[in-house]
Amino acid sequence: MYHRFILASVKLRTIMLFGALILSSLFSVNSFAANSIDGIRVWPAPENTRIVFDVKQKPEFKYFTLSKPDRLVIDFSNTKNAVALNNLATNDPRIKRFRSSVNKGKTRLVLELSQSYQLTVFPLAPAGQYGNRLVIDLYDKNRSKKNVSSPKQSVGDIIIGIDAGHGGEDPGSIGGKGTYEKKVTLAIAKKLKKVIDKEKGMKAVLIRSGDYYVDLNRRTSVARDNNVHFLVSIHADAFHTPGPHGASVWVVTEKRAESELSRWLVNREKKSELLGGGGGVIKNTSDSNLAFTLADMSKEHSLGVSFGVANNVIKELKKITKMHKKTPQNGNFAVLKSSDIPSILVETGFISNHKEEKNLTWSKHQQRLANAIHQGIKNHFLAHPLTGSYFATVGYKKHKVRSGESLSVLAKRYNISMSKLKSINNLKSNSLRIGQTLKIPRTG
Ligand SMILES: [Zn+2]
């Protein structure tokens, strides 16, 4: 009895010891690593690279840099890495290689860099389709100078900034068939740049030219650095039901968003900043202070231009697509907010509407949208040319009809055919009113 008891207890102890060994070996792999890196995305942009780590839980991390050679080291405590690192840096000019090592549940990631960069590191709380993230931006040190793409502008060109909404980490709205707004906006933006660059007297600058995110404040400062006269932001609409459809054009005002739709849109833009940017986490204060001071000074002028272009763009869009709204809408979009630059935001259609989602991915329709936006902008600046611009020499001047002046008299005086004069002024008949304003081409 006694012996057997001892034997049994020895056996039990052996089993317990064995169990503890198994447990402790499990422990060192898993239990210390309560967190995990489940995804890594690299978004190279012209002036920075954004690296996003998907982490299961709020990350605990430390980071530091080393030189000769330049490296960025990030230690994630209690974290294992589930991502293959081999090909992550393939298309990035700033990161040569990712490598990792594990020590006591801590994962150390080493990014071998091409040179030293300015760093921004911040965690992002779950938003949209994303969970917890850690975001690292590697900024080129001479970025403010390098950023100016200085288009070969001849004197008198009107510079149009084209802002393709969203990008990179921020997909924008996603259609029922999986279409990303960020792709549609970039495709239309690129087509718009092409038609504008072909137009004598106009030149376009893309605020983003690839699949990366540009901070909303940064978008306007890029526009300013490029001496942009007018900024057009391209988006595709979405709603939580598939019904709403059609295009709309937005102009920024101080007025609060009133309709359910505009509230939805404004919230969506906030979400966008949360998805792709720092949101409230990092703020570029020095820059935005300047932006707001400038904005106050010239708000009135730029609002007038914004509404003028908006009306012209709507007129053109109407010819090729259904309109959701037939007048310019007032919005409170951050991308339009620095209103020292007159600007509009074009919602090219609803990506949440099945038919329009299909259209928006169709190259021919994208081209039509681009042509309409170009024509609308052009028409405004022809009718109201900027001083010193090429359009000021080819645009229209105004003529106020006085008593005794008929269409034929004016056609003769300005050396233009009656039919052309009628078509320019959208006249249905030959009769004129006294006091009526006519557009007269400057070059006859
Ligand atoms: Zn958008």
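**Exercise 1. The second largest pocket**

Which helix gives the most to the lining of the second largest pocket?

*Solution.* Bear in mind from the start that this is a predicted model. The pocket in question has a volume of about 410 Å³, and 16 residues line it, with Asn 312, Lys 315, Asn 379, Asn 426 and Lys 439 lying nearest its centre. Three helices, α6 (285-320), α9 and α12 (418-424), each supply at least two residues of this lining. Of the elements that contribute, α6 gives the most, with five residues. As for chemical character, the lining of this second largest pocket divides into four nonpolar, eight polar and four charged residues.

**Exercise 2. The protein as a whole**

State how many helices and strands the protein has, and what percentage of its residues count as buried.

*Solution.* Begin with the elements: the protein has twelve helices and 17 strands. Turn next to burial, where 50% of the 444 residues count as buried. Finally, consider the contacts with a separation of 6 or more, of which 71% are made by residues 24 or more positions apart.

**Exercise 3. The sheet of six strands**

Give the strand order of the open sheet of six strands, and explain why one side of each edge strand is left without a neighbour.

*Solution.* Reading across the sheet, the order is β11-β10-β12-β15-β13-β14, and the pairing is mixed. The strands at the edges are β11 (202-206) and β14 (329-331), and because each has a single partner strand, one side of each is left without a neighbour in the sheet. From one strand to the next, the twist averages 30 degrees.

A step further in, strand β10 (residues 158-164) and strand β12 (residues 230-237) run parallel and are joined by five bridges, with Gly 161 standing opposite Leu 231 in β12. Helix α3 (residues 181-198) packs on this sheet, where it touches β10, β11, β12 and β15 (343-350), and its direction makes about 155 degrees with that of β11. Helix α9 (residues 363-383) lies across β10, β11, β12 and β15 as well, running at about 150 degrees to β12.

**Exercise 4. Strand β13 and its two partners**

Describe how strand β13 pairs with β15 and with β14, and determine which way its residues point.

*Solution.* Take the partners one at a time. With β15, strand β13 pairs in the antiparallel sense over three bridges, and the bridge partner of Ser 248 in β15 is Glu 347. With β14, strand β13 runs parallel, and three bridges join the two; here Val 252 has Gly 331 of β14 as its bridge partner.

Now consider the side chains, which in a regular strand alternate between the two faces of the sheet. In β13, Ser 248, Trp 250 and Val 252 point one way, whereas Val 249 and Val 251 point the other way. Strand β13 (residues 248-252) is mostly covered, since five of its five residues are buried.

**Exercise 5. Helix α4**

Find out how many of the ten residues of helix α4 are buried.

*Solution.* Eight of the ten residues in α4 (residues 216-225) are buried, and the helix is accordingly described as mostly covered. The buried residues are Leu 216, Arg 218, Arg 219, Thr 220, Ser 221, Val 222, Ala 223 and Arg 224. Just after the helix, Asn 227 takes a positive phi of about 55 degrees.

**Exercise 6. The surroundings of Ile 40**

Is Ile 40 buried or exposed, and which residues does Ile 40 touch?

*Solution.* First locate the residue: Ile 40 is found in strand β1 (residues 35-44). Its relative accessibility is 9%, and because buried means under 20%, Ile 40 counts as buried. Leaving aside residues up to four places away in sequence, Ile 40 touches Ile 51, Val 52, Phe 53, Val 83, Leu 85, Leu 88, Phe 98 and Leu 109. For one of these, Val 52, which is twelve residues from Ile 40 along the chain, the two C-alpha atoms are separated by 5.6 Å.

**Exercise 7. The sheet of four strands**

Name the edge strands of the open sheet of four strands.

*Solution.* This sheet has the order β3-β4-β7-β6, with antiparallel pairing. Its edge strands are β3 (61-66) and β6 (95-103), each of which pairs on one side only, and the twist averages 15 degrees from one strand to the next. Eight bridges join β6 to the antiparallel strand β7 (residues 106-113), and among the facing residues Ser 100 stands opposite Leu 109 in β7.

Notes
Residues are numbered from 1 along each chain as its sequence is written. This is a predicted model: local features need pLDDT of at least 70, side-chain atom pairs count only at pLDDT 80 or more; totals for chains, interfaces and linings use all residues. Side-chain values use heavy atoms; hydrogens and water are left out. Buried means under 20% relative accessible area, exposed over 50%, partly exposed in between (1.4 Å probe, protein chains only). Two strands pair if DSSP finds at least two bridges between them. Axes are lines fitted to C-alpha atoms, for helices over the stretch in contact, and angles run from 0 to 180 degrees between N-to-C directions. Contact means heavy atoms within 4.5 Å. On a 1 Å grid over the protein atoms alone, a cavity is a set of points where a 1.4 Å probe fits but cannot get out, and a pocket is an open set with protein on both sides within 12 Å along at least five of seven lines; lining residues have an atom within 4 Å of a point. Grid points are joined across faces, edges and corners, and a volume is the space filled by probe spheres set on the points. Ala, Val, Leu, Ile, Met, Phe, Trp, Tyr, Cys and Pro count as nonpolar, Asp, Glu, Lys and Arg as charged, and the others, Gly among them, as polar.
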